[in-house]
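Please open the model in your viewer and keep a selection tool at hand. The tour moves from one selection to the next and says what is there at each stop.

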Amino acid sequence: MYQGKAFQYGDNVDTDVIIPARYLNAPSAEELAKHCMEDIDVNFVKEVETGDIMVGGENFGCGSSREHAPIAIRASGISCVIAASFARIFYRNAINIGFPILECPEAAARIKKGDTVTVDAESGVITNVTTGEVFHATPFPAFINRIIENGGLLPYLVKKQEGEAKLTSILHLSRETASAPKSWRVPFVFSKRWAKSMATPSISPRILPVVVPSMLAESLCRRRP
Amino acid sequence: MGMTMTQKILAAHAGLTEVKAGDLIEAKLDIVLGNDVTTPVAVDVFDKAGFQRVFDKDKIAIVLDHYTPCKDIKSAELCATARNFAKRFDITHFYDVGNVGIEHALLPEKGIVGPGDMIIGADSHTCTYGALGAFSTGVGSTDMAAGMATGENWFKVPSAIKVTLVGKFRPHVSGKDVILHLIGLIGVDGALYKSLEFVGEGVAELTMDDRFTIANMAIEAGAKNGIFPVDDKTLDYVKGRFTREIKIYEADADAVYEQEVVIDLNTLKPTVSLPHLPSNTKTVDEVSGLAIDQVVIGSCTNGRISDMRIAAEILKGRKVAKNVRCIVIPATQEVYMQCVKEGLAEIFIEAGCALSTPTCGPCLGGHMGCMAAGERAVATTNRNFVGRMGHVKSEVILASPAVAAASAVKGAVACPCELEEV
């Protein structure tokens, strides 16, 4: 559960305003965070507090593929981003680094700057505490929550390696991970046949936790009318 | 049910006979790409995950093009990280200062990518290679790391918008005008998550450089990829460059498209995108005379030899207007050398242009042409977001090389047809 005050921005918030290219050579996430959003909101870095929530309109994160964008937002203290829709690479990147984002056009339209908002990423319930309004975003499949809990795609993959032939054949687990308790090592059973079967809308969420997330992150993106 | 061209390439690389929009697939990658901005992040992720080797050193391309030649110590450190990684794994396609080019001009030129390939790159303009009849899409650094380690990645099969091109260009109109016009029509998220598949008799009218420009900016409409059919021009281009097996995929006659757009090349006028979105398009005649401070001719969108020739033809015997800086950046060493051999370099310098070694520099406001508050540029680049080329109060107008060169001479947004004879 995340709670904080909302920073509201409009449609097409691009990666150049999230973190301008002139700072892309910054050596750390903390350094990036100092310049987050500065080209459209110079006060953002002064006002943001840990746990706060960013809200955007359509096509949030459009433009460059820079993973620095979700990295900078997260390092600024923002706990999650709510938008009407996300640009595809930003969406993939956010999930891949384990940063929660929620697609909810209604919430994106109704939440105002400074409103206190709570987000339950697991259920997708967004509450505007200031106004009492409650919204429902498409909830993350359980596996995406696991990615986020594990800190991103690769840490997640590392913990899931055993049982997945293709990846394990070339991945040498780090000492720390290799010595992880057996119970962490959920067998990786995704196959092409499953991939086909999962394309149907009737897929049970129960089988999702074994799937690598980036593709499914994409699948969560709302189709535009 | 029929498949689009994109869907056929995805199916083939996933070892499937059929896919449809919405399917989730695992596909093998032919090339994984990164640059000096995105590779260091990927290296960090790769190392932290404990990977000890790359899937295939011949199928990874690392191109140091964004801040090079390094603009400062921080950039030098990023390049050092990428360089050391390339050295550690003996990466075959590693390009550094002196033989580097802007990645999306360089990879096709070197024959690293070709028809039928499946490519991911940690740079949003990776979609450029669709011009060659390849599936090619931009991803982030973590995806790059996963791709380098495993040689595979996961994709959701996109639906498609069919863009049918008919007719022939009128003078001073080129591929840039086609893509700006299209983005103006459908918007910056008009193709979100979809393929843009270009078809029709008008495709034959386009040079390969036109096609690269068009596919390059597919991302500016939100598209996952942009793709052209393979024809004689494609095969001529890859001949002598691309040494792997050429695989030609064609859309089925009954392929399903979500939307169809027809563009009549005859009706296109030189087009620009005003600040601050690529979709904010006007024809040049609507905004002619708008004062400018800078012109940039180059980038992964328009830094190829045809672009240089078009610009030089206009600048020949003319001078860049007083109080305007015109920066010309051939996209690769090969294009640069060609500019020297053909006398284009001399034309640019005589006209008063700054002629630079290949770099992405000014396109992303990195270096080599950042702007001050209140300044405005006409650029052949691909984005005109707030602060893209420097100060947050500077402005970028996107245009073709012809319009950019004419604007440099006029000192204001101009169509080449407005210039006096020389």
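The stops below take in a sheet, two helix crossings and a chain interface.

This is a predicted model, in which local features need pLDDT of at least 70 and side-chain atom pairs count only at pLDDT 80 or more, while totals for chains, interfaces and linings use all residues. Residues are numbered from 1 along each chain as its sequence is written, and chains are lettered from A and ligands numbered from 1 in the order in which they are written.

Begin with the sheet of chain B, where five strands (DSSP runs of E, at least two residues, numbered from the N terminus) form an open, parallel sheet in the order β4-β3-β2-β5-β6. Its edge strands, each pairing on one side only, are β4 (93-95) and β6 (135-138) of chain B; strands pair if DSSP finds at least two bridges between them. From one strand to the next the twist averages 10°. Now select β5 (residues 118-121) of chain B, which pairs with β6(B) in the parallel sense over four bridges, and look at M118(B), whose bridge partner in β6(B) is F135(B).

Next, select helix α11 (residues 305-315) and helix α14 (residues 401-410) of chain B, whose axes come within 8 Å and cross at roughly 30°; helices are DSSP runs of H or I, at least four residues, and axes are lines fitted to C-alpha atoms over the stretch in contact, with angles from 0 to 180 degrees between N-to-C directions. α11(B) and α14(B) are therefore roughly parallel to each other, a term for angles under 35 degrees. On the α11(B) side the contact (C-beta atoms, placed from the backbone, within 7 Å) includes D307(B), I310(B) and I314(B), and on the α14(B) side it includes P401(B), A405(B) and V409(B). By class, this contact has 10 nonpolar, no polar and one charged residues, where Ala, Val, Leu, Ile, Met, Phe, Trp, Tyr, Cys and Pro count as nonpolar, Asp, Glu, Lys and Arg as charged, and the others, Gly among them, as polar.

Keep α11(B) and add helix α13 (residues 344-351) of chain B: the two axes come within 9 Å and cross at roughly 45°. The contact is made by M308(B), R309(B), A312(B) and L315(B) of α11(B) with L344(B), I347(B), F348(B) and A351(B) of α13(B).

Finally, show both chains: 57 residues of chain B are in contact with 55 residues of chain A. On the chain B side, α5 (141-150) is among the elements that give two or more residues, and α5(B) gives the most, with seven.

Notes. Angles under 35 degrees count as roughly parallel, over 145 as roughly antiparallel, 65 to 115 as roughly perpendicular and the rest as oblique. Two residues are in contact if their C-beta atoms, placed from the backbone, lie within 7 Å.
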